[in-house]
Amino acid sequence: MHSFPLLNPISNYPPIHPLLLPKLPNFHNFHAKPTKKMAFFGGLGFKIRASGSSGGSGGEGGDGLQTLREYMGKNGENVGDELVVLYSHLEYACKRIAALVASPFNSTLAKDYNADVGSDERDKPKPLDIVANEIILSSLKNSGKVAVMASEEDDAPVWLADDGPFVVVLDPLDGSRNIDASIPTGTIFGIYHRLVELDHLQVEEKAQLNSLQSGTKLIASGYVLYSSATILCTSFGLGTHAFTLDHSTGEFILTHPNIKIPPRGQIYSVNDTRYFDWPEGLRKYIDTVRQGKGKYPKKYSARYICSLVADFHRTLLYGGLAMNPRDHLRLVYEANPLSFLAEQAGGKGSDGKVRILSLQPVKLHQRLPLFLGSPDDIDELESYGNVQQKVNPGYEV
Ligand SMILES: O=P(O)(O)OC[C@H]1O[C@](O)(COP(=O)(O)O)[C@@H](O)[C@@H]1O
């Protein structure tokens, strides 16, 4: 029997430094610029032209492909060098997380950690959440561009650099409770400018206040979906665009420029075993659309992965609604960044009554009902009035 050397999945992405590689065809070079040939090996054997407000076609390397870095650069959306540096560190962290969640070692890490954790596991951070958090923290620190990082996994925001121009809020690994079944997971992030007018305050206070900015102040947000493909979907305020990781080159390639959510979908996404804890309005709405008796005379179907990034990603592409009607998801780390993306794609983010981005966060870990999706579907849902689940007894699974 062969025995394979044990690689630490956390510290081995990319697995081999390119300078140590023997002379191989260039699709093995993780740092090379994508070419058509390399893209073929990565499964991206088609041409894409960036559309959108940037004027778009600039930044392509003549091969019809555009990387995230090119898209952000001077010939693309031109978001500024500092944000480009920040994104390259964030990208790197997310590639490491993608490698980690796909690694045979992730369950080993989980077991080691769980040995020390008490019986009330459900709302405790899962081990991979913590590892992912550390990976992102270290990358953001190295970028030198982040003043403060506020993470769902930390009680308080971490102050990183006095002169960092940006504030990053994030959920490092959402959906990780299903990781043992290889269910898709995701990283969600939002980016604000550092509030220079708060620079004179004590670190704790300015860290907190910078992280509690209203969603209307977001300058960028995004998610990375770890699924059959690793997809980084982002917006800098000029549309929502998705980039797929080409594993042969290590580059995120623009595959879904200017996503437009359909005005209506035919899918609702919710944990509907909670039906009997729902208020009358929400029950009525779901009963109506699944019978095809709503304003859109089609019978709706249910899809619920129970992984917010995956449910939201599908909703962005196919339309309909992704919702969690109880006070469970977080305004700062999840609802605001995803609502920003939804709006930039022509969709809506609502708490069932008002626009998510209009809410001023008062607590870092503030939870709320969240409804994201097609504009006409969200409007119809809100018209039922009473759709927020106030009964929240706690659920075991
Ligand atoms: O238990 P519910 O209400 O179906 O909630 C599921 C949602 O919770 C999440 O798992 C996040 O919850 P955690 O932050 O506790 O992991 C989402 O990915 C998912 O959409």
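The following dialogue considers how to read one annotated domain in a predicted model.

Biologist: What should be known about the model and its numbering?

Modeller: The model is predicted: local features need pLDDT of at least 70, side-chain atom pairs count only at pLDDT 80 or more, and totals for chains, interfaces and linings use all residues. Residues are numbered from 1 along each chain as its sequence is written.

Biologist: Which residues does the domain annotation cover?

Modeller: The unreviewed UniProt entry places "Fructose-1-6-bisphosphatase class 1 C-terminal" at residues 261-384; such annotations may be inferred rather than shown by experiment. This span is 35% helix and 20% strand, where helices (H or I, at least four residues) and strands (E, at least two) are DSSP runs, numbered from the N terminus.

Biologist: Why do the buried residues of α7 lie on the same side?

Modeller: An α-helix has 3.6 residues a turn, so residues three or four places apart point the same way. In α7 (residues 280-290), Leu282, Tyr285, Ile286 and Val289 are buried (20 or more other C-beta atoms within 10 Å of the residue's own; exposed means 12 or fewer, and partly exposed in between; C-beta atoms are placed from the backbone). They cover an arc of only 90 degrees around the axis, which puts them on the same side of α7; the arc is that of the directions from the helix axis to the C-beta atoms. On the other side, Glu280 and Asp287 are exposed.

Biologist: In what order do the strands of the open sheet run?

Modeller: Strands of a sheet pair through backbone hydrogen bonds, either parallel or antiparallel. Here the five strands follow the order β10-β9-β11-β13-β12, with mixed pairing; pairing requires at least two DSSP bridges between two strands. The edge strands are β10 (301-302) and β12 (348-350). β9 and β11 are parallel over two bridges.
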